[in-house]
Amino acid sequence: MPGNLSHIKVLDLSRVFAGPWAAQMLADLGADVIKVEHVKGGDDVRRMGVPHLGPDGEPTGETSSFLAMNRGKKSIAIDMGTPEGQALILQLIDCADVLIENFKVGNLARFGLNYQSVAARNPRLVYCSITGFGQTGPLSHLPGYDPIFQAMSGVLSMTGVADGKPGAGPTLVGYSISDITAGLYAVVGILAALNHRDTHSGEGQFIDIALLDTQIHAASHMATNYLSSGKLPRRNGTASQITCPWQSFDCADRPIMIAVGNDTQFRRFVELLGRPELADDPRFTSNLERVRNADALIPILAERLKTDTADNWYAALDKVGVPSGPLNTFEDVFAHPQVQHRELLQSVEHTKAGTVRVVANPIRFSATETGTKLPPPVFAEHTDDVLRNVLGLSADEIATLRAKGAVR
C-alpha cells in the first residue's frame, strides 16, 4: 500500500538534526527522498551520538544520531563546490517537488542553488530553508544549536529546580527539542505549500523556518501566561505552574507522576488518600486556589503517598480515574505493554549494521501506510543508483564524475 506522499520527490540538502528530521518525516509518509551529502565524510551527524553496536557488541561504523534521523532516504555524495557537482544538484532539483536545506543564510547563493535561482528552473518547487534565526533580522547570519535556542526562547527559564531549593537553576531538556520542533514545523509548512501549489497556484514557494521562532511558538501557552498576567513563569521542577496537583511524588519505593486535571478528579484523588475533607477546604476547592496554595497542599499529599509503593498507587489511581504514570527509563519504555502494543519499536535491515531497531513513526492512518522499510543509508550508498536511474547517466559518465571528485 503506497504512502500518502508516494507521488512526492524530496531533495534533502540538510545536515545534522532539524532538516534531516523533516525529510525523514516526509519519507515516513511515503515520499521518495534523496539525501545529498558532502563527498568528504557526509553529514556531520554521522559523527554524533553513540556508536551503534552490532550483534557482536562491536561498533559498526554507524552512529545513533544518524540512524535516528535518516531512515527512508537514498544517500548520494556530491561536491557542490565543483561545477559538475552543482550541475548534478540542479538536475535533481529539476525533478523534485521539495527541497530542504539548512545552510547559513546566503551560502547556497554562492553555488547558484538559492531559491531565486532554482525557482526559475522549477517553479513548482517547494523550497524549505531551516536556519537558527531565520532569513532576516540582526542575528540571521549566526549559526546555532539546540541549547542556544532553549536558552534564548525562554525554555530554560521554566525548566529545572526552583530558586531557593537545593540544586536550583535551569536544566536542559533532555533531547534536541528545538531541532525536532523546527523539523515538525517545517513538515507542516511543506505540506501546506504543496497543497496550495496543487489546489490553487500551480507554483511552489519559499518557506523560512527559524529554530528560535518555532521554539518560542511551541512554548506559547506558557508565554501567554506572562502576556496575560505580567508574571514570568518560573522553574518548578516536575510541577506544573498552572495546574495542581500536577507533579511527581515520592512513593515508598520510587516516584510516580500524578496529573489531576480538574476538580472532580481532585475530589476522587483525596478520597483515595483518605483525606476527603481537602476537597471542601476553601484553599483547595478549585484549581486556581490549589495553585495559589500549593505550598500548603503538596506536603499533605506527599506525606500520604510515601506510605505505599508506586505500583500500588498506580493501580489504585487507575481504578478511580486519576491520571498517573511511572517515571520510565527507555529500558522501561520499550518493555511497557502499551508501547509494545502500539509497535513503536520496529526493526530494519541495515547494509552494514545488520538488524537495526528504530522508533517507528507514531502517525496511524486508516487507509495508508506510515513508515518505510528503507533503512538509514550508508554514506554514498546510492550514488550510482541515483545518477543512473534518476538522472540517466551512463557508467562512463559516472566514472568521469568520480574521477573529477564531483561525486563519491
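**Exercise 1. Aromatic pairs**

Determine how many aromatic pairs the structure holds, and describe the geometry and setting of the pair formed by Tyr115 and Tyr127.

*Solution.* The count of aromatic pairs in the structure is five. For Tyr115 and Tyr127, the ring centres are 5.6 Å apart and the planes make an angle of 70°. Planes over 60 degrees apart count as edge-to-face, so the pair of Tyr115 and Tyr127 belongs to that class. The next step is to place the two rings in the secondary structure. Tyr115 belongs to helix H4 (residues 115-121) and Tyr127 to strand E7 (residues 126-131), so the pair ties together parts that are twelve residues apart in sequence. Both side chains can then be classed by accessibility. Tyr115, at 17% relative accessibility, is buried, and Tyr127, at 1%, is buried as well. Finally, ring pairs join Tyr115 and Tyr127 with Phe206 in a cluster.

The coordinates come from a predicted model, and every value in these exercises is computed from it.

**Exercise 2. Charges over rings**

Identify which arginine lies over the face of Phe66 and which lies over the face of Phe266.

*Solution.* Over the face of Phe66 lies Arg46, at 3.7 Å from the ring centre. Over the face of Phe266 lies Arg290, at 4.4 Å from the ring centre.

**Exercise 3. A salt bridge between distant segments**

Locate the partners of the salt bridge between Lys404 and Glu84, and state how exposed each partner is.

*Solution.* The side chains of Lys404 and Glu84 form a salt bridge with an N to O distance of 3.6 Å. This pair connects distant parts of the chain: Lys404 is in the segment after helix H16 (395-403), Glu84 is in helix H3 (residues 83-94), and 320 residues separate them. Turning to accessibility, Lys404 is exposed, with a value of 52%. Glu84 is partly exposed, with a value of 27%. This salt bridge is one of 24 in the structure.

**Exercise 4. Further salt bridges**

Characterise the salt bridge of Glu277 with Arg275 and that of Glu289 with Arg292, then name the residues of the network that contains Asp12.

*Solution.* In the salt bridge of Glu277 with Arg275, the closest N and O atoms are 2.4 Å apart. Glu277 is partly exposed at 40% relative accessibility, and Arg275 is partly exposed at 33%.

For Glu289 and Arg292, the N to O distance is 2.6 Å. Both residues lie in helix H10 (residues 287-292), three residues apart, which is about one turn of the helix. Glu289 is partly exposed, with a relative accessible area of 25%, whereas Arg292 is exposed, at 57%. Elsewhere, Asp12, Lys35, Asp43 and Lys73 are joined into one network by salt bridges that share partners.

**Exercise 5. Cysteines**

Establish how many disulfides the structure contains, and explain why Cys251 is not bonded to Cys244.

*Solution.* A search of the whole structure gives zero disulfides. Cys128 takes part in no disulfide, and the nearest cysteine sulfur, that of Cys95, is 19 Å away. Cys128 is buried, with a relative accessible area of 0%. The cut-off needed for the next step is that the two sulfur atoms lie within 2.5 Å. For Cys251, the closest cysteine sulfur is in Cys244, at 16 Å, and this is too far for a bond. Cys251 is also buried, with a relative accessible area of 8%.

**Exercise 6. Strand E5 and its partner**

Decide whether strand E5 is largely enclosed or open, and describe its pairing with strand E2.

*Solution.* Strand E5 spans residues 73-77, and four of its five residues are buried, so the strand is largely enclosed by the rest of the structure. Strand E2 (residues 32-37) pairs with E5 in the parallel sense, over five bridges. At the level of residues, Glu37 has Ala77 of E5 as its bridge partner.

**Exercise 7. The surroundings of Gln215**

Find the helix that contains Gln215, and list its contacts beyond neighbours within four places in sequence.

*Solution.* Gln215 is part of helix H7 (residues 211-218). Its relative accessibility is 3%, so Gln215 counts as buried. With neighbours within four places in sequence left aside, Gln215 contacts Phe149, Ser153, Val155, Ile177, Ser178 and Thr181.

Methods: Residues numbered from 1 in each chain as written. Predicted model: local features only at pLDDT ≥ 70, side-chain atom pairs only at ≥ 80, totals over all residues. Heavy atoms only, no water. Salt bridge = Lys/Arg side-chain N within 4 Å of Asp/Glu carboxyl O. Helix = DSSP H or I, 4+ residues; strand = E, 2+ residues; numbered from the N terminus. Buried < 20%, exposed > 50% of the residue type's maximum accessible area, 1.4 Å probe, protein only. Phe/Tyr/Trp six-rings, centres within 6.5 Å; stacked < 30°, edge-to-face > 60°. Lys NZ or Arg CZ within 6 Å of the ring centre and 35° of its normal. Pairing = 2+ DSSP bridges. Contact = heavy atoms within 4.5 Å.
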